[in-house]
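Please look over the structure shown here before reading the report.

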Amino acid sequence: MLLSKGYEVHGMIRRASTFNTGRIDHLYHDPHGNGDKVNLYLHYGDLSAPQSLTDLVYNVQPDEVYHLAAQSHVRVSFDMPEYTGDVTGLGTTRILEALRRSGSKARFYQASTSELFGSANPPQNEDTPFLPRSPYAAAKMYAYWMVRNYREAYNMFATNGILFNHESPRRGETFVTRKITRAAASILAGRQKNLYLGNLDSKRDWGYAPEYVEAMYMLMQIDQPGDFVIGTGEAHTVREFLDEAFGYINLDWHDYVHIDPRYFRPTEVDYLLADPTRANQMGWKPRVTFRGLVRIMMDADLEALGLPSPGEGKRIINEQFGDWHCWEHQI
Ligand code: GDR
């Protein structure tokens with residue numbers, strides 16, 4: 001989205017022995033090829049290596065920093081609590097420090113999360129107390145308060161976007177929505193027989209990620225930094241997600257889904273539902289509904305396997321955003 005607005009974009013990338021840029025390859029310009037120059041630059045770095053962050057701030061001199069990096073898997077955070085605290089919690093402080101020490105005037109966006117609310121009663125808004133239920137949520141809560149602290153102590157433009165779950169065809173394959181849509185397509189193709197899941201009763205407020213990116217951008221352009229809840233105001237169970245995804249291709253998920261306790265969390269977050277009144281008053285209102293979201297993700301996963309899709313998701317994208325392929329190329 002920033003590229004389509006004419007920004008020069010610098011991203012941080014972790015070194016790995018395998019390719020790990022699959023979700024941005026379509027944007028990247030081969031420096032040895034011909035064609036238009038794309039204003040996207042990648043730099044090696046790591047949230048656990050402060051030097052790489054100070055170097056990056058010094059070399060790039062950013063105007064806006066969107067801090068979306070984290071160990072972001074809630075279940076995995078129970079297996080790696082210390083690592084999660086280091087990367088997801090302290091990593092935020094390290095970027096804030098790199099900005100402060102360099103005297104940067106950059107605006108800073110922190111990817112805060114509905115996981116902060118944990119076991120707080122729904123609906124949740126900016127005034128709801130935080131009751132985190134995982135090492136991930138506890139690390140994000142520390143980061144949230146560091147952002148507020150840097151805002152108040154050093155007068156930095158530092159904003160917390162408290163985003164509820166946001167999904168798209170680019171969602172990582174181990175998060176429940178994508179795990180389901182990918183498996184449903186794969187089952188229809190005859191490539192997979194079973195799908196193993198954990199708790200089907202938890203409720204989430206799921207929205208369409210490109211619209212949440214618009215919200216992040218909006219929060220960085222307004223006059224004052226702050227803490228803002230972004231969500232649809234509608235919650236559904238994992239079970240309902242299964243109904244929509246498998247129902248869309250006329251399959252009954254009960255024939256394929258099995259429960260594997262390894263996907264249970266030692267402490268679960270049962271019910272997240274946004275009260276997005278404040279964001280709505282600022283003019284942000286999502287257009288894609290729960291059903292539309294599932295269909296967009298299903299169409300993309302069917303297409304990825306070369307299967308014909310019912311096309312309802314494509315129709316929604318074309319109607320709302322102009323071009324089905326925009327989720328791949330621009331937003
Ligand atoms: P969440 O997303 O924990 O809400 O955090 P996730 O998709 O992992 O889980 C949603 C709910 O589905 C249940 N569930 C399963 N989850 C996974 N991953 N795999 C399964 O097999 C499965 N079966 C049932 C979970 O128990 C849970 O209740 C996401 C992340 O992107 C965070 O980084 C972000 O902060 C929040 O959303 C907002």
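The text below covers the ligand shell, a tryptophan in a loop, and a pair of helices in contact.

This is a predicted model.

**Around the ligand**

The ligand is surrounded by 22 residues, and those that come nearest are S72, T113, V176, G198 and S202. Two helices, α2 (74–79) and α5 (176–188), each supply at least two residues of this shell. The most comes from α5, which gives three residues.

The table sorts two groups of residues by class: the shell around the ligand and the contact of α5 with α9.

| Group | Nonpolar | Polar | Charged |
|---|---|---|---|
| Shell around the ligand | seven residues | nine residues | six residues |
| Contact of α5 with α9 | five residues | two residues | three residues |

**Helix α5 against helix α9**

Helix α9 spans residues 290–304, and its axis comes within 9 Å of the axis of α5, crossing at roughly 45°. At that angle, α5 is oblique to α9. The crossing is right-handed. On the α5 side, the contact is made by T177, R178, T181, R182, A184 and A185, which meet M297, M298, D301 and L302 in α9.

**Residue W206**

W206 sits in the loop between β8 (203–204) and β9 (207–208). Is W206 buried or exposed? W206 is buried, because 25 other C-beta atoms lie within 10 Å and 20 or more are enough to count as buried. Beyond its neighbours within four places in sequence, W206 is in contact with N165, E167, T177, H236, F290 and L293. From W206 to V76 the C-alpha to C-alpha distance is 20 Å, with their places 130 residues apart in sequence.

Notes
Residues numbered from 1 in each chain as written. Predicted model: local features only at pLDDT ≥ 70, side-chain atom pairs only at ≥ 80, totals over all residues. Near = placed C-beta within 6 Å. Helix = DSSP H or I, 4+ residues; strand = E, 2+ residues; numbered from the N terminus. Nonpolar A, V, L, I, M, F, W, Y, C, P; charged D, E, K, R; others polar. Buried ≥ 20, exposed ≤ 12 C-beta atoms within 10 Å, placed from the backbone. Contact = placed C-beta atoms within 7 Å. Axes fitted to C-alpha atoms, helices over the stretch in contact; angles between N-to-C directions. Parallel < 35°, antiparallel > 145°, perpendicular 65-115°, else oblique. Left-handed = near helix turned anticlockwise from the far one by under 90°.
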